[in-house]
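This briefing is intended for reading beside the sequence and the 3D model. Its topics are aromatic pairs, two helices and one lysine.

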Amino acid sequence: MREIEYIVEDYFEGKKLISFLRGHVKISVRLLRSLKRVDGGIRVNGSHARTVDIIHSGDKVTLTIHDDETSSIPIDYPLSVVFEDEDILVIDKPAMLPMHESHNHQGDTLANAVSGYLKKKGKSLSFRAVGRLDKGTSGLVICALNSHAAARLSGNFEKTYYAIATGCYKESGTIDKPIYRPDPMKTYRTADDRGDRAITHYKVLESGDNYSLLEINLETGRTHQIRVHFAFLGTPLFGDRMYGKDHPFIERQALHCGKLNFLHPVTGKKIELEAALPEDMTLLLESLRIKN
């Protein structure tokens, strides 16, 4: 259970509670409905309140958010925690750890690991990842620890990726090419005008005769977007077996989410986090530099 307290500002003097909850707290409609069904879910100055009640400057509004009932089976797995408080848990995900349980992965995912971590702390075990990373992609993942944080963070964060592409890029640029899913039963995507618009911005950090280290920001968030776009340009990421080929120095696509920026869903404070390139991408870079 999470209790969140807010103090009513002068702007909302004499207005209905609903205007404060939707305008300032920015509570989701779904959570609001849930809180209204719970005795004491919404309180003003310690007393049960209705959304139509009039509020005044300085009033204390308290929301009591109960834990979800569903969760993944907890496992004991060493997690690299980058940031943690009552509302958010940010993990530097290892490359080969899947995000969610599926037919092929039961009890060996980030969802299971986070549930195990939260269980040790006596917290709700529900896994609410905000955004996702492919199994073979490493880096920063936000896990909201309550439904309010999840709703506030959804789509309201910026990621910066680092990729090592199999080609020499001299200048930064933008890839604007739709991404299409030819077979709805398979995860494979392709660059095709029949698909949804996808825009990838990249900056060259380092390059040699046959490789480039790129900093990437996405304007859209299509599945496999970075991997598909660079394969479309004829320079798939090193180690990407689906869109390129194997490489002896890395066993997965050379892609890492290294920066994460967002406003805290409760305090509004700007959070800026970083995760260094993992060892396999660092070793790959070193081998490529030697060859050049």
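Is Phe-12 buried or exposed? Phe-12 is buried, with a relative accessible area of 7%; buried means under 20% relative accessible area, exposed over 50%, and partly exposed in between (1.4 Å probe, protein chains only). This is a predicted model, in which local features need pLDDT of at least 70, side-chain atom pairs count only at pLDDT 80 or more, and totals for chains, interfaces and linings use all residues. Residues are numbered from 1 along each chain as its sequence is written, and side-chain values use heavy atoms, with hydrogens and water left out.

**Aromatic pairs**

- The structure holds seven aromatic pairs; rings of Phe, Tyr and Trp (its six-membered ring) pair if their centres lie within 6.5 Å, and planes under 30 degrees apart count as stacked, over 60 as edge-to-face and the rest as tilted.
- One of the pairs is edge-to-face, formed by Tyr-11 and Phe-12 at 5.0 Å centre to centre with 85° between the planes.
- Whereas Phe-12 is buried at 7%, Tyr-11 is exposed, with a relative accessible area of 58%.
- Tyr-188 and Tyr-243 form a stacked pair, with 5.2 Å from centre to centre and 25° between the planes.
- Tyr-188 lies in the loop between E11 and strand E12 (190-191), and Tyr-243 in the loop between helix H5 (225-232) and strand E15 (255-263), so their pair ties together parts that are 55 residues apart in sequence. Helices (H or I, at least four residues) and strands (E, at least two) are DSSP runs, numbered from the N terminus.
- Tyr-188 is partly exposed at 38% relative accessible area, while Tyr-243 counts as buried at 11%.
- A cluster of Tyr-6, Tyr-11, Phe-12 and Phe-20 is linked by ring pairs.
- Lys-15 lies over the face of Tyr-11, 3.7 Å from the ring centre; a charge sits over a ring if NZ of Lys or CZ of Arg is within 6 Å of the ring centre and within 35 degrees of the ring normal.

**Helix H3**

- Nine of the eleven residues of helix H3 (residues 110-120) are buried, so H3 is largely enclosed by the rest of the structure.
- The buried residues of H3 include Leu-110, Val-114, Tyr-117 and Leu-118.
- Strand E5 (81-84), strand E6 (88-93) and strand E8 (138-144) are packed against by the buried residues of H3; contact means heavy atoms within 4.5 Å.
- At the N-terminal end of H3, Thr-109 acts as a cap, with a side-chain oxygen 3.3 Å from the backbone nitrogen of Ala-111.
- Gly-122, just after H3, takes a positive phi of about 70°.

**Helix H6**

- In H6, the buried residues are Met-281, Leu-284, Leu-285, Ser-287 and Leu-288.
- These buried residues cover an arc of only 165° around the axis, which puts them on the same side of H6; the arc is that of the directions from the helix axis to the C-beta atoms.
- The exposed residues Glu-279 and Ile-290 are carried on the face of H6 turned away from its buried side.
- The buried residues of H6 pack against strand E9 (157-165), strand E13 (199-207), strand E14 (212-218) and E15.

**Lys-177**

- Lys-177 is placed in the loop between strand E10 (173-176) and strand E11 (179-180).
- With a relative accessible area of 17%, Lys-177 is buried.
- Not counting residues up to four places away in sequence, Lys-177 touches Ala-191, Asp-192, Asp-193, Ala-198, His-229 and Phe-232.

Key: Polar contact = N/O pair within 3.5 Å; in protein donor to acceptor, adjacent residues only side chain to side chain.
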